[in-house]
Each structure stands twice: as C-alpha cells, then as structure tokens.
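Take a walk through this structure, one region at a time. Keep the sequence beside the 3D view.

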Amino acid sequence: MPLRSVGPTAQAFSKKLSSMANACGPIFFVAWVVIQWIGVAQWSVAAAPNIIVLLTDDMGYNDLSCQGSPDIVTPNIDSLAIRGVRCTDAYVSSCMCSPSRAGLLTGRSQSRFGHEINWEGAAKPDQGLPVEEKTIADWLKTAGYRTGIVGKWHLGESAQFHPNKRGFDEFFGFLGGGHRYFCDLYKDPKTVPKVAEYDTLLEENGTSIETSGYLTTVLAQQSVKFIQKNKDNPFFLYVAFNAPHAPVQSTSGHAKLYPNIKDPQRQGYAGMMAAIDDGIGLILKQLQRDGLDDNTLIFFLSDNGGPLERNGSLNTPLDGEKGGMLEGGIRVPFLVRWPAQLPAGKVYSRPVSSLDICATALELAGVPAPTQRPLDGVNLIPYLRGELESDPHEILYWRMEARKIWAVRKGDWKLGRQPPWPDKHVGSYKPRLVHLAEDIAEANDLVEVEKDKAAELQRAYDEWNKTLPAPLW
Ligand code: CA
C-alpha cells in the first residue's frame, strides 16, 4: 500500500478534470465530478493510519525485556519491537514530566515557549501549556481524526488548559502530575500520606466519575473502549499511563510474577510494569479484533528516564536519571510499529526525538507543516523504512534554565552541562564532551582532547540559547 500522497493525487485529479470538461457534456461532467470526489475522499480517509501514542511515566531505559532488562519481562511491549522498529538512540525533549509532554504534544521544543520545568505541586491558575501552542490533537482534528487522551495530563489544571480545549474530543483521566493506583484507596479520606492531586476522583470530559479497580488497568480498558467506538473513522489516541511513576503500588498478583526479585521496591516496580504490559496487550488485541492492526501506527516511549531510587527503575548502561541531562534523564526506549509500512524487527540507531511524533503524524494525515510556530521534529517514516540514510536531525538541543543544565547532540558527539545533581555548583561547573558511540555511559570527558569539536557544539548551543525566551515559571 502506498503512503498517502496528497499533492500528486490532487494534481492528477485536476489534470483529469480539465480533459473531462472538454470531452463531456455539462450534466455528465457534473455527475463525474461528484463520483470522483466521493472516491478521492474515501480513499484519503482509508489510507490515513490511526495513530496511537503509548506513554509511560518515569520508566527506566533498561526496564523492558527488548531493551535487555535482567529481571522484567514485557512480552506485549516487546511485540511492538518484534513487529516494528526499536530506536536505540531516542530522546525526549525534557528530563521531566510536564515539559516533556509539552514537547511531545506540540512537536516543538518546550524551551521555545518557556514551558521548561515542572511546577511545584498543583499548577497555579496561569501555569499550563501556553494556549497559543497547538497540539498534535488540534492538528489531526483538522484532518478529520477523532482524538482521545486517556490518563495523565499534567499540562495545566485551569479551564483554558483542559484537554477538551486542546484538541482532544475525549478525555478520561486526571489533570495533575501523578495519581494513586487503587481507586478505592484514593476515595478514602483516611488514606495517608495525603497528596491532594494524587487522590482526586478521575474525570471524564470535565465530570468527576466514580471508578474502581487498579488505575493502570482502568486506563487500558478505557483505551479499548475508545478504539471500539472509533473503529470506523481515523483516530488519534494518546494513552498516558502514570505508571511506573511513584508511589510504587502494584497489585499483589502482578508483584507475585516476580518472586525472584528480593528488593520490595523493585518487585513492586516490576509488578507495575507487568500491569502496563497487560494493558498494552488489551489494546493490541482490540486492534486485531477490529481489523485495525495493519494500518495503525503505534509509538511507545517513556516521558523521561527512570528516577532510580524513587521508584526502583534501572537506566543501565546509561548514567544519570530523571531531572538531569545525562543520557539516563533524556534517552528513552522508543518503539514504532506500523505493519502496513514499516519493517519488522528492525533496530534503528541514529538519534530520533519525541518531537518527531507530531511531525510524522501531520505529514501522514496530510496536514501542512505549521509555519508560524514551526515544528522541531521530522517525519520519521522514510528514515525507519531505510529510504533516507542521513541522520533525521543534524543536531538536538535541550535546556532547563532553572537548573542551569543543558545539552546538545550532533552525530555521536554530545556536549552537556550537568553538575552532579542536586549539588549545583552552578557557577563553576564546566560542560563535558563525550562520544556516545564509544562511551554510552559518558564516563570520559574529551573537552581537552577534542577542543575544536567542543567549541563547535558550544557555539551551536549558544546560538540556539539566544533564540529562547525566559522560562515562564
Ligand atoms: Ca515523568
């Protein structure tokens, strides 16, 4: 099946139109135009893939069996890699939840619009994804997609930031940055410790709802319902699991799958991963049942690296963790499956970004690339198919001004400023240069050995940094 190609089709249609106008009488001509228009419209809708983004929260780089996990088994998530492409050098645009989601959903580095760090606790009324920014859901709606989000929002809690105002036809989940996992517990006023935003009722399109059961499973079941409801039209579904973010709360059934893990936190974390894997299994089965398996494009990734001690995650062989610019903070598992168009079982090792998801989706849906607020991503499909052999990005950038940390990656070189966190030493700490293909753990600083390369990357960062506004909060 060919990739959808709006431009050439429109040109061919227009050419045929003028020759028919000359050859036919007016009535036959009008009838022919109507029949052709219906045909083109149906073909366009049928060819555009459904798009699903499966996002986990604070998952470690090494916590899937297809990534080499020593103790966690994830057969359903692995099946995305077996039937699709696994990207080894994939990045999110931030090392932290809310800004990473701002980048993912807009397809633009969140530093371009000041959404650079989480807010403390619940969002203040003016804190949220700036309303001038369009989301992937906004854009896909213009192409006739039905759009849904299930799970964690974390892009503002005031009315103007609500998902239903940001392109999503349907929202089921919670607005804050995290949540308890047992629905019966967060309804209980005696539950301690109390974290206000983690204990809210879930909501559906602005209305609080009573739910029961284990949150990860509830979110997966709701995703299945969305697919069932929208199986006859193109859809975009964003499944934002809050697992395996802390608090580490697993069902006993899932934790019991790992009797050999003796550390209770790691065992609970593994149980949370098992629930995510089961949930993704439910979603994949529904796509099969509805005959949507072949022409649904699925992305799977985490919003940032694992925070290690806070949830028991593992980022090996990467150094660093959530909240920092070492690879363990920003490099994530990234799987892309689209049986109709992508090879199966391929491993792709050039740098790609979560910012590419929006650009890919828009191009496949025939949405023209935005010009006023240009995207920072590229359409990944030709790269993953092997049609383009260059790197998708000449250079990738990160900045978190509040912590005075930043990084750039160009080819296999990375220059970054990341003082040992939380020890800031912000005034004196020098950027380090590493060669990631030879030193994935970023152990050897080559600034003094490769002075020209370090200077080149420093200049690139300085130029980019000059174009950015101050952070909004
Ligand atoms: Ca996160």
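Helix H4 (residues 97–106) is the place to begin. Its buried residues are covered by elements that include strand S1 (50–56), helix H5 (136–142), strand S3 (146–152), strand S7 (235–240) and helix H11 (356–365). This is a predicted model. Ten of the ten residues of H4 are buried, so the helix is largely enclosed by the rest of the structure. The buried set includes Cys 97, Ser 98, Pro 99, Ser 100 and Arg 101. Ala 102, Gly 103, Leu 104, Leu 105 and Thr 106 are buried too. After H4 comes Gly 107, with a positive phi near 75°.

Cys 97 leads to the metal site. Its SG is one of the protein donors of the calcium ion. Asp 57 (OD), Asp 58 (OD), Asp 303 (OD), Asp 303 (OD) and Asn 304 (OD1) are donors as well. Asp 303 therefore appears twice in the donor list, because donors are counted as atoms. The donors lie 2.2 to 2.6 Å from the ion. Along the sequence, the donor residues follow the spacing D-D-x38-C-x205-D-N. Asp 57 and Asp 58 are both buried.

Why is the arrangement of the six donor atoms irregular? The angles they subtend at the calcium ion run from 52 to 157°. An octahedral site needs opposite donors over 155 degrees apart and all other angles between 65 and 115, so an angle of 52° rules that label out. For reference, ideal angles are 90 or 180 degrees for six octahedral donors.

Now turn to a pair of helices. Helix H3 (residues 75–82) packs against helix H9 (residues 264–289) at about 55°, and their axes are 7 Å apart. That angle makes H3 oblique to H9. H3 brings Pro 75, Asn 76, Ile 77, Ser 79 and Leu 80 to the contact. H9 brings Ile 276, Asp 277, Asp 278, Ile 280, Gly 281 and Leu 284.

Last comes a sheet. Four strands form an open sheet in the order S12-S13-S14-S15, paired antiparallel. Strand S12 (396–400) and strand S15 (432–435) are the edges, each pairing on one side only. Neighbouring strands are turned by 10° against each other on average, direction ignored. S12 and strand S13 (residues 405–410) pair antiparallel over five bridges. Within this pairing, Arg 399 stands opposite Trp 406 in S13. Helix H13 (residues 451–466) packs on the sheet. H13 touches S12, S13, strand S14 (413–417) and S15, and its direction makes about 65° with that of S12.

Terms used:
Residues are numbered from 1 along each chain as its sequence is written. This is a predicted model: local features need pLDDT of at least 70, side-chain atom pairs count only at pLDDT 80 or more; totals for chains, interfaces and linings use all residues. Side-chain values use heavy atoms; hydrogens and water are left out. Donors are N, O and S atoms within 2.8 Å of the metal (3.2 Å for Na, K and Ca); water is not among the atoms, so sites may look incomplete. Four donors count as tetrahedral if all angles lie between 85 and 135 degrees; four count as square planar and six as octahedral if opposite donors are over 155 degrees apart and all others between 65 and 115; anything else is irregular. Buried means under 20% relative accessible area, exposed over 50%, partly exposed in between (1.4 Å probe, protein chains only). Two strands pair if DSSP finds at least two bridges between them. Helices (H or I, at least four residues) and strands (E, at least two) are DSSP runs, numbered from the N terminus. Axes are lines fitted to C-alpha atoms, for helices over the stretch in contact, and angles run from 0 to 180 degrees between N-to-C directions. Contact means heavy atoms within 4.5 Å. Angles under 35 degrees count as roughly parallel, over 145 as roughly antiparallel, 65 to 115 as roughly perpendicular and the rest as oblique.
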